[in-house]
Amino acid sequence: MNGANVSGSGMDWHALPVGEVAHVLQTHVDRGLKEANVAELQTKFGPNELKGQRGVNPWRVLLGQFTNGLTVILVLAAAVSYAVQDYAEGGVLAFVIIFNAAVGFVQEYRAEKTMDALRRMASPTAKVIRDGGLSRISSPGVVPGDIIVFEVGDVVPADCRLIEVLNLEVDEAMLTGESLPVAKAVEPIKGDNASLGDRLNMVYSSTTLTKGRGRGIAVATGMNTEIGKITKSIAETATGSTPMQKRLNFMAYILFAISLLLAVVVFAVNEFDFSTDIILYAVSLSIAVIPEGLIAVITIVMALGVRRMASQRALVRKLVALESLQAVTNICSDKTGTLTQGKMTVTSIWLSGSDQFSVTGDGWNTTGEVMVRDRVLGSQEVLSDVRFRLLLECSALCNTANIVEASEGKVWGDPTEIALQVLAYKLQMGKPTFRQLKEPVTEYPFSSATKRMSMLYRDVGRDAFEVYTKGAENVLELCDKVIENGSEVEIASRDEFLRSVQDQIQVVAKQGLRVLVVAYRTVNESQMGKSVTKWERKDVENSLVFLGLVGIRDTPRQESKLAVDQCYQAGIIVHMLTGDHHDTALAIAKEVGIIRPAPNRADESVVPMFNPVMTAPEFDAMSEAEIDNLEELPLVIARCTPATKVRMIEALHRRRKFAAMTGDGVNDAPSLKKADVGIAMGAGSDVAKQSSEIVLTDNNFATIVMAVSEGRRIFSNIRKFVLHLISTNVGEVIVLIIGLAFKDRSGLSVFPLAPVQILYMNMVTSTPPAMALGVEAASRHVMSVPPHTKGLFGKELLADMMAYGIIMGGLILTDFVLVIYAFGDGNLGLMCNSDRNLFECNTVFRARSTILIAFTWMMLLHAYNCRNLRASLFTKDGGGASKIFTNRLLVVSVFVGAIMPIPTVYIPTLNTKVFKQQTISWEWGIIIVSVVAFFFCSEFYKYCKRRVMTTHHI
């Protein structure tokens with residue numbers, strides 16, 4: 001029977017044996033689906049997602065272009081223009097509104113689609129077996145017949161019939177209302193009316209594993225799942241405005257209030273003459289105050305930043321992370337797989353009373369040799385030692401990893417367990433060797449509380465059970481016996497035993513190896529006094545026989561040391577929070593540069609070493625007051641627990657630090673949420689990903705540093721274009737307000753800039769260079785300055801806005817005066833705010849042409865000023881020299897922007913009727929001189945800043 005005809009059709013999957021389910025869905029319980037058949041199944045069933053859960057509504061995006069306050073102002077201005085029958089200005093305003101909406105729609109729609117695609121990439125994932133190999137895919141790629149592997153913390157991607165369980169418990173409260181997790185089984189459930197809660201051999205889409213592990217066959221996906229039947233759409237939480245956007249929106253409202261006040265000033269100066277020209281000028285002045293393109297530019301820049309970071313393997317789930325990254329002062333990182341490669345290899349073995357053995361081989365290679373004192377031991381010699389043989393049994397059986405074909409990379413499981421399984425394979429003692437001899441009964445999984453894992457097996461050949469345990473050194477507390485001369489004997493002196501083992505643990509740990517204690521036990525039901533079904537973990541994990549120590553090497557990534565060095569240069573302190581032994585953590589921390597020698601010079605830009613390493617018990621035993629009294633928080637916390645991570649974040653917050661935290665387990669979710677920036681690993685649990693702001697697809701610490709650098713670049717660029725837009729607006733307001741003092745014979749103000757000229761400069765001249773500044777490349781100092789934690793509008797930025805605005809405004813007013821009074825006839829004419837008296841208003845119209853082009857060119861030159869707030873344009877850092885053409889978008893926007901106003905001066909009718917200006921000739925000399933003067937005034941201002949401010953700036 002074809003699976004396409006039965007999946008989701010109401011079949012009672014829970015009532016069928018596993019073999020029949022596999023037959024119906026044409027899959028194999030061990031090897032899964034054939035990869036060649038997956039594409040056909042995906043075509044038949046479609047993506048495994050709920051309708052309405054994804055997608056972007058273009059109509060909603062388009063409507064949003066007309067509902068923001070700034071567009072409303074433009075609409076009102078257009079309405080006023082048409083009301084007073086100024087159709088030329090009304091037409092220009094209408095064009096600006098439509099153009100703005102079109103550009104905003106295209107960019108925002110693209111941004112929404114980008115974010116939607118990234119949400120898909122960062123959506124819950126599934127571990128599926130196809131062609132015998134385990135791979136991790138995005139949940140929408142799951143199809144009926146897939147064999148899915150579950151672990152604690154996973155979100156179930158589809159409705160599945162279970163085929164294997166080990167202590168599996170699932171939280172099904174969202175479906176059944178059952179408050180407690182449900183223990184699962186494999187056996188068929190008979191009965192026609194079994195409710196969802198009674199179907200113990202099924203797991204359902206969107207429920208969460210709280211304990212154990214298992215495997216299942218996907219029987220229903222997408223809208224055919226139980227959750228799909230209940231609801232037709234599950235909407236994701238909408239992304240609200242970020243803190244920066246809220247501050248900018250607040251600023252816009254303040255500017256709007258100022259614009260209304262200035263409109264009142266315009267009417268007051270003109271004795272409340274509500275003529276057409278005065279009304280339009282008041283509206284234009286209001287528009288001049290507001291940077292219309294600011295919010296759109298920020299949205300686009302952030303969307304481009306998200307796309308750029310995704311290409312560098314960092315998926316941004318929440319836009320707030322882009323703002324938060326640049327302020328990070330401390331990064332709390334895991335070790336395994338983040339600072340290190342995550343491909344662990346057993347390199348050392350120690351048996352009680354023996355020398356330390358070394359094991360050759362690398363990564364997942366299942367070939368290697370055992371050596372002692374540089375002598376290679378044969379496998380028979382190794383296995384003749386009962387301690388070694390039992391240690392290998394424990395490595396193979398107390399283990400959930402699987403090796404299908406190591407040479408092809410078809411291995412799956414926890415990196416530590418893969419390393420132990422590979423060790424067993426090297427001596428032909430892998431898990432398949434014991435399939436006919438040992439029958440798994442119960443798994444007691446590793447947890448952050450116990451720091452150990454045990455497996456209970458039934459020995460098929462005799463009436464006995466065997467317990468295999470591995471874990472941290474607390475396993476030693478459970479050991480009562482050792483093996484001497486091939487026999488189990490009681491530990492004679494416990495203190496001497498613990499001392500000798502602890503000494504060896506330190507020896508191995510100081511080599512940078514992770515140390516595991518291995519133990520076992522043989523027991524039967526008569527010894528326990530109860531049936532095996534009633535055995536609890538505390539019954540099983542005691543009176544163990546100590547076998548030895550295993551040292552596992554996790555080689556640091558080559559790029560980790562460089563990334564840590566970059567953090568210290570950027571004023572960011574790196575903390576390593578790891579479950580490893582104290583000495584192992586210390587060795588790795590020194591190797592990657594987290595702990596380094598004390599600086600030799602007082603001005604060294606590295607963090608001094610104060611109490612660098614603590615263990616979690618030591619840190620957790622301290623009160624908040626004691627932690628706060630530490631001169632510096634520890635750089636490394638060994639034997640770290642999820643609760644310790646939360647305390648570390650809280651301690652950093654009390655010191656007013658801005659912290660990023662990495663995590664991958666379900667227990668890391670609280671610390672990820674508590675951190676200012678939660679960073680989940682792509683290979684981690686889905687719960688961790690959903691609690692984070694950023695997901696790393698490569699689990700690499702260097703990617704975190706790249707993300708911080710990108711966050712700093714985006715924040716720096718936002719400051720640059722905010723400065724450009726608002727400082728030019730300040731210049732416009734100065735010209736327009738002081739310009740009210742120029743009055744004609746009738747006593748009405750003669751406006752230096754016509755309303756259309758103001759709109760032209762705001763929309764056509766200012767916005768493209770601002771957009772270009774938003775994509776500016778990072779400064780070479782971006783990771784050489786301390787984090788910026790004081791927000792967007794600092795004292796320097798506010799001072800720059802006023803300074804450049806005053807310089808531009810002053811020079812433009814000077815140009816206006818020179819054209820009319822110094823070189824003109826000084827006649828301000830009559831009714832020169834309209835085109836009714838062109839002959840008498842010739843001088844005023846020529847002055848307007850002069851200041852339009854001068855103002856436009858100053859704005860464009862000012863964009864180059866804003867590339868660096870302090871460095872001279874004569875230098876490389878300032879954007880000059882060889883860097884003048886590096887930002888192609890800026891070059892194009894400046895060149896085109898400089899040419900565009902010239903036709904408005906010389907095209908008949910357009911110049912006089914629309915722009916209220918006239919052709920010019922000798923005035924070009926004034927334009928060039930004023931632009932050059934602006935350049936030198938800006939350079940002098942930057943020179944003064946460099947003399948006063950000595951810190952680097954990006």
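**Figure 1. Helix H15 in the predicted model, spanning residues 494-509.** The helix comprises 16 residues, and the distance from its first C-alpha to its last is 22 Å. This span is close to the 22 Å expected at 1.5 Å a residue. Which residues of H15 are buried? They are Phe497, Val501, Gln504, Ile505, Val508 and Ala509. Viewed down the axis of H15, these buried residues lie within an arc of 135 degrees, so they line one face of the helix.

**Figure 2. Elements covering the buried residues of H15.** The cover includes the strands S10 (345-351), S11 (356-359), S19 (479-484), S21 (513-523) and S22 (544-553). Helix H19 (582-592) also belongs to this cover.

**Figure 3. The largest nonpolar core, with 125 residues.** The residues with the most contacts inside this core are Ile331, Ile594, Val636, Ile694, Phe701 and Phe721. Helix H25 (residues 701-738) supplies the largest share of the core, namely 18 residues. Apart from this core lies another, of 39 residues, which includes Phe388, Cys398, Ala424 and Val545.

**Figure 4. Surroundings of Ile331.** With neighbours within four places in sequence left aside, Ile331 is in contact with Cys567, Ile572, Ile573, Val574, His575 and Ala660. Its further contacts on the same terms are Phe701, Ile704 and Val708. Phe701 is itself listed, like Ile331, among the residues with the most contacts inside the largest nonpolar core.

**Figure 5. Arg867 and its polar contact with Glu776.** Arg867 is located in the loop that links helix H28 (842-865) and helix H29 (888-899). Is Arg867 buried or exposed? Its relative accessible area is 4%, under the 20% limit, so Arg867 counts as buried. The side chain of Arg867 forms a polar contact of 2.6 Å with the side chain of Glu776.

**Figure 6. Asn224 in the loop between strand S7 and helix H7.** Strand S7 covers residues 208-220, and helix H7 covers residues 226-230. Asn224 is partly exposed, having a relative accessible area of 34%. The C-alpha atoms of Asn224 and Phe45 are separated by 9.6 Å, although the two residues are 179 residues apart along the chain.

**Figure 7. The protein as context for the close-up views, with 32 helices and 28 strands.** Of its 954 residues, 56% count as buried. Among contacts with a separation of 6 or more, 71% are accounted for by residues 24 or more positions apart. The protein exposes about 39300 Å², of which carbon and sulfur atoms supply 57%.

Key
Residues are numbered from 1 along each chain as its sequence is written. This is a predicted model: local features need pLDDT of at least 70, side-chain atom pairs count only at pLDDT 80 or more; totals for chains, interfaces and linings use all residues. Side-chain values use heavy atoms; hydrogens and water are left out. Helices (H or I, at least four residues) and strands (E, at least two) are DSSP runs, numbered from the N terminus. Buried means under 20% relative accessible area, exposed over 50%, partly exposed in between (1.4 Å probe, protein chains only). Contact means heavy atoms within 4.5 Å. Accessible areas come from the Shrake-Rupley method with a 1.4 Å probe; for residues, only the protein chains shown count as cover. The expected span of a helix is 1.5 Å times one less than its number of residues. The arc is that of the directions from the helix axis to the C-beta atoms. A polar contact is a pair of N or O atoms within 3.5 Å; within protein, one must be able to donate a hydrogen and the other to accept it, and residues adjacent in sequence count only if both atoms are side-chain atoms. A nonpolar core is a set of buried Ala, Val, Leu, Ile, Met, Phe, Trp, Tyr and Cys residues joined through side-chain atoms within 4.5 Å.
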